[in-house]
Amino acid sequence: MENERKLTIARSMAEATAQEMRRDDDVFVMGEDIGKLGGVYGNTRGLIEEFGSSRIRDTPISETAFIGAAVGAAQDGMRPIVELMFVDFFGVCFDAIYNLMAKNIYFSGGKFQVPMVLMTSGGGGYSDGGQHSQVLYGTFAHLPGMKVVCPSNAYDAKGLMTTAIRDNNPVVYMYHKSLQGMGWLGTEQGATVHTPEEEYTIPFGVAKIVKEGSDVTIVGVGLGVHNGLKAAKLLEEKGVNAEVVDLRTLVPLDRDTVFNSVKKTGHLIVVDEDYQSYGLTGEIIATIAERDITALKASPQRVAYPDIPIPFSRPMERFALPNPEKIVNAYAKMKEQ
C-alpha cells in the first residue's frame, strides 16, 4: 500500500483520544499511571505533554472513586475517559459501573446522558495469574445499559475509540493486551496495520468479514479473530475454505452478518477467550438456532476458555487458552458428525 502508516493499537487509541481532546474541551482522561507513564499499555502515551495534568489525570488506586466521579462528570456535561487497568479489577468498582454508569440514563428517564468511555485491558498468555488475565467480555455484554467494544487491529481501534468518545451513552472499550503492540507481551503482528492520520469513525454494531470463505464460518472478537485467521490458513492446507468474521462490538451485536455467513457456509465455530459457559459463544449459536436452525448443516462448535481459574503456570495457561489448532480440531469434530 502506498503511503502506508502502520500503528499499534495502543498508538491508535492515543491518537484518537488526542484528536478528540483537541476537538472537544470536555474530553479528559482519568486513571492509574495514565499521565507521565502514558498508561501501562501505552494507550495515553504523550497526552500529558500536550494537554497537561488537568485533562490527563493520574489517580490513586481508587477505582470506585474515579469511576464514580466520571459518571458524575459525564452527567454534568463532560466526556470523561477512564481506564480500569485490568478488567479483573471490576469487582472493586462494579457498583459504580453497572448501577451508576450503565443505568443512570434509564433511572433519570432520559434526563441525563452519561457520555463516558471505560477502557480496560483483558487477556492472558503471559503468566500473570487468574486475577490479571481474564477478558470478561460476556459480563459487560450481559448487563444492559453499556455498549461493549473490542477491536482486533489498530485501524478499528482508532475508529471505534472516536465513535466511543462521541457517543452519548456509556461505552466499555475492551482491548486485549497481546494486541497492544507492547513487545514484552509478545505482540500479535497482525494487529499493527495501516491507520490513517485523519479522524474517522467506525459505527458500532457492524461486524466485518476479514476473510471470505465458503465451507465454515469462524466468528471471533479481539485476539480470537487472529486465532481464527491462523486456523483458516491451516484449514486451507486441508482444502477447507473458512470465512472469518470479526464482531468488533458485542453490544450492539451484528447478528445479521453472522447469520448470513453461516447461511452461506452451513457450519459455525465461535472462538472466545472468555469462559465458555453463559458467554459469547452460546449467544452467537443461539442467534443462529433462533433465527433458522436449518442454516446449520452440522452442530456448531465453540472454542473458548474452560470454566476454570486461569493458571499462573505458563504451560498450563497455554493448554487452556484458545488457539488455532483447537479451532482446526473443532472443525474436524464437526465433520465427524
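**Exercise 1. Leaving aside its neighbours within four places in sequence, with which residues is Thr 217 in contact?**

Preliminaries: the model is predicted, so local features need pLDDT of at least 70 and side-chain atom pairs count only at pLDDT 80 or more, while totals for chains, interfaces and linings use all residues. Residues are numbered from 1 along each chain as its sequence is written, and side-chain values use heavy atoms, with hydrogens and water left out.

Solution.
- Step 1. Contact means heavy atoms within 4.5 Å. With neighbours within four places in sequence set aside, Thr 217 is in contact with Glu 243, Val 245, Ser 261, Val 262, Thr 265, His 267, Leu 268 and Ile 269.
- Step 2. Thr 217 is found in strand E10, residues 216-220. Helices (H or I, at least four residues) and strands (E, at least two) are DSSP runs, numbered from the N terminus.
- Step 3. Buried means under 20% relative accessible area, exposed over 50%, and partly exposed in between, with a 1.4 Å probe and protein chains only. Thr 217 has 0% relative accessibility and therefore counts as buried.
- Step 4. A polar contact is a pair of N or O atoms within 3.5 Å; within protein, one must be able to donate a hydrogen and the other to accept it, and residues adjacent in sequence count only if both atoms are side-chain atoms. The side chain of Thr 217 makes such a contact with the side chain of Ser 261 at 2.7 Å, and another with the side chain of Thr 265 at 2.8 Å.

**Exercise 2. Determine how the span of helix H7 agrees with its number of residues, and describe its surroundings.**

Solution.
- Step 1. The expected span of a helix is 1.5 Å times one less than its number of residues. For the 13 residues of H7 (residues 154-166) this should be 18 Å, and the end C-alpha atoms are 19 Å apart, which agrees.
- Step 2. Of the 13 residues of H7, 11 are buried, so the helix is largely enclosed by the rest of the structure. Asp 156, Lys 158 and Thr 162 are among the buried residues.
- Step 3. At the start of H7, a side-chain oxygen of Asn 153 comes within 3.1 Å of the backbone nitrogen of Tyr 155.
- Step 4. Thr 162 belongs to H7 and, because its relative accessibility is 1%, counts as buried. Beyond four places in sequence, Thr 162 is in contact with Ala 16, Glu 20, Tyr 200 and Thr 201.
- Step 5. Thr 162 and Glu 15 are 147 residues apart along the chain, yet their C-alpha atoms are separated by 9.5 Å.
- Step 6. Helix H1 (residues 9-23) has 15 residues and reaches 21 Å from its first C-alpha to its last, close to the 21 Å expected. H1 is mostly covered, with 12 of its 15 residues buried; these include Glu 15, Ala 16 and Glu 20.

**Exercise 3. Characterise the overall fold and its nonpolar cores.**

Solution.
- Step 1. The chain has 12 helices and 14 strands. Its radius of gyration is 20 Å, close to the 20 Å that the globule rule gives for 337 residues, so the chain is as compact as a globular protein of that length. The radius is taken over C-alpha atoms, and the rule is 2.2 Å times the number of residues to the power 0.38.
- Step 2. Of the 337 residues, 58% count as buried.
- Step 3. A nonpolar core is a set of buried Ala, Val, Leu, Ile, Met, Phe, Trp, Tyr and Cys residues joined through side-chain atoms within 4.5 Å. In the largest, of 49 residues, Ile 97, Met 101, Phe 140 and Leu 268 touch the most other members. Helix H3 (residues 63-75) gives the most to this core, with six residues.
- Step 4. A second, separate core of 37 residues includes Val 27, Leu 47, Ile 56 and Ile 165.

**Exercise 4. Identify backbone features that depart from the usual pattern.**

Solution.
- Step 1. Most residues other than glycine have a negative phi, and most peptide bonds are trans.
- Step 2. Val 251 and Pro 252 are joined by a cis peptide bond, with omega about -5°. Pro 252 lies in the loop between strand E12 (249-251) and helix H9 (255-265).
- Step 3. Asp 33 has a positive phi near 60°. Its place is in the loop between strand E2 (27-31) and helix H2 (47-51), and at 39% relative accessibility Asp 33 counts as partly exposed.
- Step 4. Leu 136 also has a positive phi, of about 60°. Leu 136 lies in the loop between strand E5 (117-122) and helix H6 (137-142) and is buried, with a relative accessible area of 5%.
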